[in-house]
Amino acid sequence: MTWPPTRNIWRAWGVDETAGECAMNDRAPFAADELRHSWLAAQPLDRTAALALAEVSDTAALMSAAAHLRDQGFRDLVTYSRKVFLPLTKLCRDVCHYCTFASTPRELGLGNAYMSLDEVLASARQAAAMGCKEALLTLGERPELRYRAARDALAQMGFATTLEYVAHVAGEIFRQTGLLPHVNPGCMDAAELAMLRKVSPSMGLMLESASPRLCEKGMPHYGSPDKVPARRLETLRLAGEAKIPFTSGILIGIGETRLERIESLLALRELHQRYGHIQEIIVQNFRAKPDTLMAEAPEPDLDELLWTIAVARLIFGPQMSIQVPPNLNPGVLAQLVAAGINDWGGVSPLTPDFVNPEAPWPHLDQLSDETAAAGKYLQERLTIYPQYALDSAQWVDAGLRTALLQLIDGEGLPRTDDWVAGQTQPIPAEERRWLQMSVDGAVDENRIAADLRRIVARAAAAEELTEAEIVRLFRARGPEFAYVCQAADRLRRQVNQDVVSYVVTRNINYTNVCYFKCQFCAFSKGKLSENLRGQPYDLEEAEIARRCNEAWARGATEVCLQGGIHPDYTGQTYFDILGIVRQATPGMHIHAYSPLEVWQGALTLEMPIEDYLRELKARGLGTLPGTAAEVLDDEVRAVLCPDKINTRQWMQVIETAHVVGLKTTATIMFGHVDRYHHWARHLRRVRDIQVGTRGFTEFVPLPFVPMEAPLYLKGRARKGPTFREVLLMHAVARLALHGQIDNIQTSWVKMGDEGVALALNAGCNDLGGTLMNETITRSAGAAHGEGKSPQELEALIQRLGRQPRCRTTTYDDAPCERQQAARAAPPLAPVVNNFEPKRGIGKQRHRLVRFAVETPAATDDGAASGCN
C-alpha cells in the first residue's frame, strides 16, 4: 500500500494516519491536547521509521512536526555562543573539493604556517573585553604530515605535532583570558583527546557524511584521508568514551542523497545513545566558492535545507540541539526556526567566519530582532551546553570546573552581567527592561507559550503546582520572564493591595562560634575557620540586655536572636537568653532560634522537640525564624551543610512549632550548588507544611552571597544567583504559594535599594526589618549596610507609589507609640563583643550534638538527580 507523503510521518511516529491527518489539518497546529500528547510523547524513531522519512516530500508537514518537538525541549529559546574565531593554521593534509579555508605554505607566505601565541592572545583578550566567552580554534588536519613548512614551524616553537600546539594555545587562552576554548582539531586518537580534554571543555568534529561513496574518485572527499567516515566516527566514539561534550553534524548538498543524510544522522544518534556526549547537531548547507573544484556545483535550495533540519529534529527528538549557521542563510532565519532549529551556533562580534569568509556574521542586534520576529528569544549560551556544564564532575576536566561553575546560572546557561547579591554593581539592563515591560502591562500574552499560561492560571486559582510546573516558571527568560513577574505582581496587588510592610527590629547574634561546618557560612568562627573575617565572640549577659534596651528605646517591637551553635551552649543557654531579654524588655517580641538551635538545644537536655518548644514558649519565645532551611533537599544539603539537620528534621521542628502555637517564617538560601528542581521541591515542601498548619507568616528568599563563603572560595559553588533568578524566586514563590502564604519578603541587605524596588514589582510586599546590627550577610561580603531607619524604608516604598506600613512580627499594625519612638530614634551606641572564652553566656561544655544528612530521596516523579 502506498501512503500519501504526509501520512508517512504518522506511520513513522506510530500515530494513526487518519488522526494524524486530522490533527495536522493541512499543517495547522494540533487541535486536541490528546493528539498532541500522543505525538510528542512518542519514543524516538526506530531506524526503519527514520529511513522511511527519505520518501516524505511534504516539507511543510515535517517542519510543523519538528517545530512542535523543538518547543517541547527548548520552549521559546534560540541560543548562540558569543565567540572569537581563531584559525590556528590553514594548512591541511586533506583536499576537500569545496574548501577555501585550507591553503598551502606558498599561499600563506614564509613564517605564517601557524598563528603565534601572541597573535592568538591579542585577539582573545580583545574578544573577552567585548563579552565573548568562547575561543573557537579551527585548523586544518595534521598539516605536518604533508608539509615540511608545518614541521619546521612546529619544531621552532618546540612542538612535535599540531595537536600539541593546539593544547598549549588552548591552555594559555584559558589561563590568561578566561575564555573557554572549543577546539575543532580533526580526527584524533584516545591520547590526543585526553590531552585536549584538559584545556577544552568541549570539542567539535563534523561528520559531514557517513557515506563512503563521497570519498570515491570524482567525489568531494576524494584524496582526503581524514574524511573517511569510519575514521571520523571512530574519533566521535573515542570522544564518547572519554566523556567529552562534542559537536558534530552534516554538510548537505555535496552529492549525497536524502537517504544518505538520514543514515549519517542515524550514525551520530547511535553514538549519542551509547555515550550521551553529542551536545548539538549542525546542519550546514554547502556554499559554492570560487577557485574550488566545486565552484560550479549547485547549492542546495531552501526547501532541501528545511527538509533536512526537520528530519534531523524528528530523528533526534526534543532534547538535542539542532543548529544552522545564520550567516550562510541570510533573509530566511524565520523559516529555519520554523523547521525546528534551536541554535545559531557561534557568532563573533570581532572576527569573520574564516571558513566562509564571504558570509559575514549577522550583528547580534539584528540576530535578536530576527529571532524575535520568528517568535523566539535569543539567549546566549557557552560553548559547552547546559546539561554538561551542570554535570561538570562527569564531563569536564577538574582544572576547568571552577571557572565554568562561576560562569553559569542554575540552568547551566551563562551569566551575562556582573550583578552579585550583596554587592553594589548596577542592576542588569536586560532584566530591568523586561521588568519595566511587566510593570507597564506591555507583555503580549498571546505570544507566551500555552503551557506557561496554563501554569500561571493554575497558580492564580491557588492550585498546587507540580515540581515540573515550578521548574518551568524558573526557566522563564525574556518575554516569559516579564510575563511571570507580571503575573506575580498581579497576585500581590490582589492580596496585599499597594501596601508594603516592614518591622522595626534588632538583630542580636549572640555568638559567632559554631562547631558546624556549613560550607556557605562566613559568619561562624571556630578553631578550624578558614581565613574567615572577624574574631570569635560570645556575648555577655549585660551586653544582650543593653542591646535589647537600646532597641526598645529606638522603637523596636522585635528582637531577632540567632547565633552559631557554640560548643558550650545547651538547651538551658537558650532558656537563659530568653530570660535576659524578657527581664530587660518585657514588652519586646522575641523572634528567636532556628530549627537547628531548637533541635540541638532539645537534644542536649534530652527533651522531646515538642516539650522543648513548649518550654521555650512558656519562657517568652514569640516566634521562630525559619532559617537553617537553606534548600530543603538532601541532595543539596549533603554538599552545603552535611553535618546539619536534614530536610525531614527541619520540617519536623517547624511543624511541631506550629502545633504548639509558635508561628514561623520560611526561607530559602539559593544560588550555590542547587538547581531549579531543588528550588521547586523546596517551595512544594513549604506549601505542604502551610496547608497542614497555617503557621508560616511569610516566605523570605535569601540569595547566596558568595564573596567570603568557603564553598565559593574553594571553587565549588556558583557566583550566587543571577538577578533574573533572584527576581524569579520572589515571583515564583508568590505564584506557587498563592492562597497559602500571603507575604513575600525581599532582603534589602542582599538586594540593595534598587534591587528591592524591582522585587516589589515582581510579587513582593514586605521589606523585612530595620535590623540595626546586621552581621551575617556582611560577614559573607555584602556591602549594603547593617541597618536602615524607618524613614529610609518608607522613602523607598513611597518612591514606588506604594503605601508603607510599620508592622509587628505577626503582621499586625505596630503600636503608634512604637512607631513614634522609631522615627525619633537616637544613634546606636557601639556594640561590645566579648572575645574572652569564659566570660560569655556559654558556661558548660557538653557532648556535641551532630547530625548526618540522610540519603537523598527520589524526586516527586521517582527520578533521582544531582547538583553541581
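## Salt bridges between distant segments

In this predicted model, the side chains of Glu-467 and Arg-681 come together in a salt bridge, with an N to O distance of 3.4 Å. The pair ties together distant parts of the chain, since Glu-467 belongs to helix α21 (residues 467-474) and Arg-681 to helix α29 (residues 676-693), 214 residues apart. Glu-467 counts as buried because its relative accessibility is 12%, and Arg-681 is likewise buried, with a relative accessible area of 2%.

Helix α29 also supplies Arg-685, whose partner Asp-633 sits in the loop between β14 (623-624) and α27 (634-640), 52 residues apart from it in sequence. The closest N and O atoms of Asp-633 and Arg-685 are 3.5 Å apart, which forms a salt bridge, and Asp-633 is buried at a relative accessible area of 3%. A further salt bridge joins Arg-718 to Asp-674, with 3.1 Å between the closest N and O atoms. Here both partners lie in loops, Arg-718 between α30 (710-713) and α31 and Asp-674 between β15 (663-670) and α29, with their positions 44 residues apart in sequence. Arg-718 counts as buried at 0% relative accessibility, and Asp-674 is buried with a relative accessible area of 0%. In addition, salt bridges with shared partners connect Arg-75, Asp-409, Glu-411, Arg-475, Arg-477 and Arg-724 into one network. The count of salt bridges comes to 58.

## Overall architecture and nonpolar cores

The protein chain contains 35 helices and 18 strands, and 61% of its 868 residues count as buried. Among contacts between residues at least 6 apart in sequence, 79% join residues at least 24 apart.

The largest nonpolar core has 136 residues, and those with the most contacts inside it are Tyr-510, Tyr-593, Leu-616, Trp-650 and Phe-699. Helix α31 (residues 723-736) gives the most to this core, contributing ten residues. Leu-616, when residues up to four places away in sequence are set aside, touches Tyr-574, Phe-575, Leu-578, Tyr-593, Val-598 and Leu-621. A second, separate core of 92 residues includes Leu-137, Val-332, Trp-344 and Leu-378.

## Tyrosines with positive phi

Most residues other than glycine have a negative phi. Tyr-593, in the loop between β13 (589-592) and α25 (595-604), has a positive phi near 75 degrees, and it counts as buried because its relative accessibility is 1%. Tyr-811 has a positive phi of about 75 degrees although it is not a glycine; this residue is found in the loop between β18 and α35 and is buried, with a relative accessible area of 12%.

## Glu-558 and the loop after β18

Glu-558 lies in strand β12 (residues 558-562) and is buried yet has no salt bridge, the nearest side chain of opposite charge being that of Arg-807, 5.3 Å away. The 5.3 Å separation exceeds the 4 Å limit for a salt bridge, so Arg-807 does not qualify as a partner. The side chain of Glu-558 instead has a polar contact of 2.5 Å with the side chain of Thr-809. Apart from neighbours within four places in sequence, the residues in contact with Glu-558 include Val-503, Arg-506, Met-588, His-589 and His-591.

Thr-808 is found in the loop between β18 (803-807) and α35 (816-823), and at 14% relative accessibility it counts as buried. Not counting residues up to four places away in sequence, Thr-808 touches Val-503, Thr-557, Asp-813, Ala-814 and Pro-815.

## Ala-762 in its loop

Ala-762 occupies the loop between α32 (748-759) and β17 (766-769), where a relative accessibility of 0% makes it count as buried. Its C-alpha atom is 9.0 Å from that of Ala-482, although the two residues are 280 apart in sequence. Beyond neighbours within four places in sequence, Ala-762 is in contact with Leu-435, Cys-485, Ala-488, Asp-489, Leu-727, His-730 and Ala-731.

## Helix α13

At 1.5 Å a residue, the 15 residues of helix α13 (residues 302-316) should span 21 Å, and its end C-alpha atoms are indeed 21 Å apart, so expectation and model agree. The helix is mostly covered, with 13 of its 15 residues buried. At its start, a side-chain oxygen of Asp-301 reaches to within 3.3 Å of the backbone nitrogen of Asp-303, while α13 is followed by Gly-317, whose phi is positive, near 85 degrees.

How values were computed: Residues are numbered from 1 along each chain as its sequence is written. This is a predicted model: local features need pLDDT of at least 70, side-chain atom pairs count only at pLDDT 80 or more; totals for chains, interfaces and linings use all residues. Side-chain values use heavy atoms; hydrogens and water are left out. Helices (H or I, at least four residues) and strands (E, at least two) are DSSP runs, numbered from the N terminus. The expected span of a helix is 1.5 Å times one less than its number of residues. Buried means under 20% relative accessible area, exposed over 50%, partly exposed in between (1.4 Å probe, protein chains only). A polar contact is a pair of N or O atoms within 3.5 Å; within protein, one must be able to donate a hydrogen and the other to accept it, and residues adjacent in sequence count only if both atoms are side-chain atoms. Lys and Arg count as positive and Asp and Glu as negative; His and the chain ends are not counted. Contact means heavy atoms within 4.5 Å. A nonpolar core is a set of buried Ala, Val, Leu, Ile, Met, Phe, Trp, Tyr and Cys residues joined through side-chain atoms within 4.5 Å.
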